[in-house]
Structure formats: structure tokens, C-alpha cells
Amino acid sequence: MQKPIPGLLMESNESDLQRSLKSISWQHGNCLACIWFSSADPLNADLLDRARCLHPKLKPFELLVSGRDWCSLYQERSQKQIDNRQEMALKEAEKAAKS
Ligand code: SF4
């Protein structure tokens with residue numbers, strides 16, 4: 001008898017919901033992770049957020065894209081850039097809470 005392969009066994013037991021959530025969380029190259037995605041709330045940004053695309057070639061069209069969208073002009077936002085944006089947003093939120 002052949003031994004079961006653990007990964008294959010787990011996949012067959014996944015519900016449809018688990019599979020669909022996994023496909024969302026494992027997306028790469030989408031607008032949410034792109035440097036041109038102008039999220040108004042970097043602390044809570046997620047795939048369902050909508051924001052303007054600020055890419056110089058697309059900006060004139062005033063595109064409103066979601067975090068799940070993508071295009072061939074995608075440019076990866078580094079983790080350091082994400083951390084910096086979130087730190088700035090956090091400082092602004094703290095400043096607003098004090099005033
Ligand atoms: S539409 Fe293209 S350039 Fe604009 S944010 Fe999305 S991936 Fe980036």
C-alpha cells in the first residue's frame with residue numbers, strides 16, 4: 001500500500017472557503033502591493049480597498065482600482081516602504097487623537 005502524502009491529504013480536506021481565502025492571500029503583483037496604489041488608509045489597506053492609480057501613464061485617466069486589480073505597469077512596493085508609510089500614518093493618527 002502506498003503512503004499518503006501529507007500535503008495532498010490536506011488539500012483534499014480544504015473547504016471551498018479555505019481555498020478561496022488562500023487564493024486571495026497568496027496573490028502577488030496586484031495593485032495593493034504596487035507603489036502606484038494610493039491607499040488613503042495604509043494602516044488598514046487590504047485587497048478590497050479602492051484607490052487612485054498614480055502611475056504617470058495612467059494618472060490622466062483617473063483610474064479607481066481595487067487592491068485585487070493589476071496591470072503590466074506594476075512595480076513592487078518594498079516591505080521597507082510599507083513600514084515607512086504605516087509608521088507615518090500611525091504618527092498622524094496619534095497626533096490627531098491628541099488634538
Ligand atoms: S493599475 Fe497598474 S500601475 Fe496602477 S496601481 Fe495597479 S498595478 Fe500599479
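1. Burial first: in this predicted model, buried residues come to just 9% of the 99 residues in the chain. On contacts, pairs 24 or more positions apart supply 42% of those with a separation of 6 or more.

2. The overall layout is easy to follow. I count 3 helices and 3 strands, and reading from the N terminus the order is α-α-β-β-β-α. So much for the list of parts; now the pieces themselves.

3. The sheet is open, with its 3 strands in the order 1-2-3 and antiparallel pairing. Strand 1 (37-38) and strand 3 (64-66) are the edges, each pairing on one side only. Strand 1 is joined to strand 2 (residues 50-53) by 2 bridges, and the two run antiparallel. If you want one pair to look at, S38 has R52 in strand 2 as its bridge partner. As a reminder, strands of a sheet pair through backbone hydrogen bonds.

4. Where is the largest nonpolar core? Look at C31, L32, C34, W36, F37, A51, C53 and V65, which make up its 8 residues. In soluble globular proteins, nonpolar side chains do tend to be buried together.

5. C53 deserves a click of its own. Setting aside neighbours within four places in sequence, C53 contacts C31, W36, F37, L58, K59, L63 and V65. C53 also belongs to the largest nonpolar core, and it is among the residues that come nearest to the ligand.

6. On the ligand: 13 residues surround it, and the nearest are C31, C34, C53, H55 and C71. By class, the shell holds 11 nonpolar residues, 1 polar and 1 charged.

7. Is helix 3 largely in the open or buried? Of its 20 residues the number buried is 0, so helix 3 lies largely in the open. Its geometry looks regular enough to me on length: helix 3 (residues 79-98) reaches 29 Å from first C-alpha to last, close to the 28 Å expected at 1.5 Å a residue.

8. One last spot is L48, in the loop between strand 1 and strand 2. L48 has 10 other C-beta atoms within 10 Å, and because the cut-off for exposed is 12 or fewer, it counts as exposed. Even so, L48 has partners further along the chain: leaving out neighbours within four places in sequence, it is in contact with S66 and G67. The C-alpha atoms of L48 and R68 are separated by 6.6 Å, with the two residues 20 apart along the chain.

Note on methods. Residues numbered from 1 in each chain as written. Predicted model: local features only at pLDDT ≥ 70, side-chain atom pairs only at ≥ 80, totals over all residues. Helix = DSSP H or I, 4+ residues; strand = E, 2+ residues; numbered from the N terminus. Contact = placed C-beta atoms within 7 Å. Pairing = 2+ DSSP bridges. Near = placed C-beta within 6 Å. Nonpolar A, V, L, I, M, F, W, Y, C, P; charged D, E, K, R; others polar. Expected span 1.5 Å × (residues − 1). Core = buried A, V, L, I, M, F, W, Y, C linked by C-beta atoms within 7 Å.
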